[in-house]
Structures are given as C-alpha cells and as structure tokens.
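Work through the exercises below with the sequence and the model side by side, and try each task before reading its solution.

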Amino acid sequence: MNQKSYYNSFAYKTSTTVETITDKTATGSQIDTIITIYDNHSDLVKSREFLVNGNTVASFNFNTGEAKIGEEIYNFDNGTFTCNDDEIGSERYMGTIAGQVIRIDQFKSGFSVEYLDKTGDIEMRELFDSKGNLIETEE
C-alpha cells in the first residue's frame with residue numbers, strides 16, 4: 001500500500017506564508033521537518049529552519065544574511081546570502097563571506113559548507129551531522 005512520505009502545511013499571514021514540510025520517512029536523528037517563511041510581496045524565502053525530532057538544528061535567515069548550523073554561525077556579506085529552490089544540491093544556498101563564495105548543502109543526515117576559490121573549486125569543506133555538530137573538515 002502506498003503511503004505519503006511528506007506532508008506539507010501552509011499558514012498564510014498578511015505579509016508572509018509559512019510552509020512546514022514533514023518527512024515521514026526520516027528515522028532516528030535525520031532532519032524530519034523544514035519550516036520556510038516566504039515574503040508574500042516578493043515571493044522570496046525570508047528564512048528556513050531545519051528540525052530533528054522537534055529541535056532546531058539549523059536556521060538560515062536570508063534577510064539578515066545569517067546561517068546557523070549547530071553552534072556555528074556564518075555571517076554573509078550584505079545581501080549575498082540567497083536561497084534558490086529551483087536549484088538542486090549545493091547551488092541552493094549560496095553567499096559570500098569577506099568576498100569568498102560559500103555554498104551550503106542540506107541532506108537528511110546533515111549539512112556541508114563549502115568554501116570556493118576564485119575558479120569555483122572547493123578550497124575547504126566542513127561537514128556537520130544532523131544535530132549540527134561539526135564532524136569533519138576537509139582541506
């Protein structure tokens with residue numbers, strides 16, 4: 001028997017829309033809920049929050065340019081941190097910090113933060129588990 005694996009709910013307000021996506025296939029400590037707030041006037045993503053078992057493990061604020069994964073905080077250059085949901089994978093969340101391009105990729109099991117050089121090659125990668133703990137740095 002086929003069962004739904006994702007559930008979406010929407011809450012509409014005057015200036016924003018809140019979308020909650022729950023992944024019913026997530027197990028253990030996998031990311032199971034993503035809450036996105038959209039600006040109703042521009043239809044852009046204002047913020048996104050990632051939860052595991054009801055606890056926030058990461059939050060991205062595209063208005064302030066701040067991404068928080070676990071205890072690690074990334075402050076992006078003014079106006080550069082963006083969310084492009086039309087992209088798949090590591091092109092979805094991008095911005096610059098002190099002029100260096102940073103990509104963030106989100107998986108069920110965690111996050112990858114990639115620091116790119118001027119030619120677009122990865123200089124360094126930080127890997128986080130789904131609880132926001134830094135588990136590896138690749139240089």
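Strands, as the term is used here, are DSSP runs of E with at least two residues, and helices are runs of H or I with at least four residues, both numbered from the N terminus. The model is predicted, so local features need pLDDT of at least 70 and side-chain atom pairs count only at pLDDT 80 or more, while totals for chains, interfaces and linings use all residues. Residues are numbered from 1 along each chain as its sequence is written, and side-chain values use heavy atoms, with hydrogens and water left out.

**Exercise 1. Describe the lining of the largest pocket.**

Step 1: fix the term. On a 1 Å grid over the protein atoms alone, a pocket is an open set of points where a 1.4 Å probe fits, with protein on both sides within 12 Å along at least five of seven lines, and lining residues have an atom within 4 Å of a point. Grid points are joined across faces, edges and corners, and a volume is the space filled by probe spheres set on the points.

Step 2: read off the space and its surroundings. The largest pocket holds about 280 Å³. It is lined by 16 residues, of which Asp 43, Leu 44, Val 45, Lys 46 and Cys 83 are the closest to its centre.

Step 3: assign the lining to elements and classes. At least two lining residues come from each of β3 (33-39), β4 (45-52) and β8 (82-83). Six of the lining residues are nonpolar, five polar and five charged, where Ala, Val, Leu, Ile, Met, Phe, Trp, Tyr, Cys and Pro count as nonpolar, Asp, Glu, Lys and Arg as charged, and the others, Gly among them, as polar.

**Exercise 2. Follow β6 from its side chains to its partner strands.**

Step 1: compare the two faces. Ala 67 and Ile 69 point to one face of β6 and are buried, whereas Glu 66 and Lys 68 point to the other and are not; buried means under 20% relative accessible area with a 1.4 Å probe and protein chains only.

Step 2: find the partners. Two strands pair if DSSP finds at least two bridges between them. β6 pairs with β5 in the antiparallel sense over four bridges, and Phe 60 stands opposite Ala 67. With β7 (residues 72-75), β6 again has antiparallel pairing over four bridges, and here Ala 67 stands opposite Tyr 74.

Step 3: inspect the turns. The β5-β6 hairpin has four residues between its strands, and Gly 65 in the turn has a positive phi of about 75°. The β6-β7 hairpin has two residues between its strands, with Gly 70 in the turn at a positive phi of about 60°.

**Exercise 3. Trace the six-stranded open sheet and explain its edges.**

Step 1: write down the order. The strands run β8-β9-β10-β11-β12-β13 across the sheet, with antiparallel pairing.

Step 2: explain the edges. β8 and β13 (134-138) each have a single partner strand, so one side of each is left without a neighbour in the sheet.

Step 3: check one pair and one interior position. β12 and β13 pair in the antiparallel sense over four bridges, and Thr 137 in β13 is the bridge partner of Glu 126. Ile 102 lies in β10 and counts as buried because its relative accessibility is 1%. The C-alpha atoms of Ile 102 and Met 124 are 9.8 Å apart, with 22 residues separating the two along the chain.

Notes. Buried < 20%, exposed > 50% of the residue type's maximum accessible area, 1.4 Å probe, protein only.
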